[in-house]
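Biologist: Let us go through this model together. I will ask, you reason.

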Amino acid sequence: MYMHLAGAALFMQLRNAEACREQALVSAPAASGKTEAGQAVFEGGGFPPIRIQVPASKQTTPPQPESKEQIRQGLKQVVQRMRELEPTLDSIPGAYTVEHPRLGGLNGKEWFVLVEMHYRHHLRQKERLDAFLNGTPIEQSAEQ
């Protein structure tokens, strides 16, 4: 899960936020709107507390980490990259978007915010797995 989170942040979410900025530097906007699911996620401030199935890929199912240090380094890279990118977000016009496979066209700020939403979604998954491993019942309201 940690490798997935770091990889998705670095190679999808933050990369696409940067792509929005690069578009703004060289071309006219070719904005596409959010899908219904994208509207719901951003209006609700996060992913719904349900299990979401996506097709397996290197991005969604990376290899197991070789060490805890590898996990630490991946998460540190995410924090560093976010610190570098955050001050530039206000300069990226919202009309420049990059397509998300399920959520539709997201602008730079939305891609950036998606990092935290994605982490929060997986923290709910971790709580469910931890409860299962500890033999603790999971409340239905927390995650279905």
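**Hairpin, core and ring**

Biologist: How many residues lie between β1 and β2 in the hairpin?
Modeller: This is a predicted model. Strand β1 covers residues 97-100 and strand β2 covers residues 104-107. They run antiparallel, joined by 4 bridges. Glutamate 99 stands opposite glycine 105. The two strands form a hairpin, and the number of residues between them is 3.

Biologist: In what pattern do the helices and strands follow along the sequence?
Modeller: There are 4 helices and 2 strands to place. Read along the sequence, the pattern is α-α-α-β-β-α.

Biologist: Which element gives the largest share of the largest nonpolar core?
Modeller: That core has 21 residues, and Val78, Trp111 and Leu114 have the most contacts inside it. Two or more residues come from each of α1 (2-26), α3 (68-85) and α4 (108-133). The largest share is 6 residues, and the element that supplies it is α1.

Biologist: What does leucine 114 touch, leaving aside neighbours within four places in sequence?
Modeller: Leucine 114 is among the core residues with the most contacts inside the core. Contact here means heavy atoms within 4.5 Å. With those neighbours set aside, its partners are Gln13, Phe42, Phe47, His100, Leu103 and Leu106.

Biologist: Which residue lies over the face of phenylalanine 42?
Modeller: The aromatic pair count is 0. For a charge over a ring, the cut-off is 6 Å from the ring centre. At 5.6 Å from the centre of the phenylalanine 42 ring, the residue over its face is lysine 34.

Biologist: What share of the 144 residues is buried?
Modeller: Buried means under 20% relative accessible area. By that cut-off, the buried share of the protein is 33%.

Definitions and conventions
Residues are numbered from 1 along each chain as its sequence is written. This is a predicted model: local features need pLDDT of at least 70, side-chain atom pairs count only at pLDDT 80 or more; totals for chains, interfaces and linings use all residues. Side-chain values use heavy atoms; hydrogens and water are left out. Rings of Phe, Tyr and Trp (its six-membered ring) pair if their centres lie within 6.5 Å; planes under 30 degrees apart count as stacked, over 60 as edge-to-face and the rest as tilted. A charge sits over a ring if NZ of Lys or CZ of Arg is within 6 Å of the ring centre and within 35 degrees of the ring normal. Two strands pair if DSSP finds at least two bridges between them. A nonpolar core is a set of buried Ala, Val, Leu, Ile, Met, Phe, Trp, Tyr and Cys residues joined through side-chain atoms within 4.5 Å. Buried means under 20% relative accessible area, exposed over 50%, partly exposed in between (1.4 Å probe, protein chains only).
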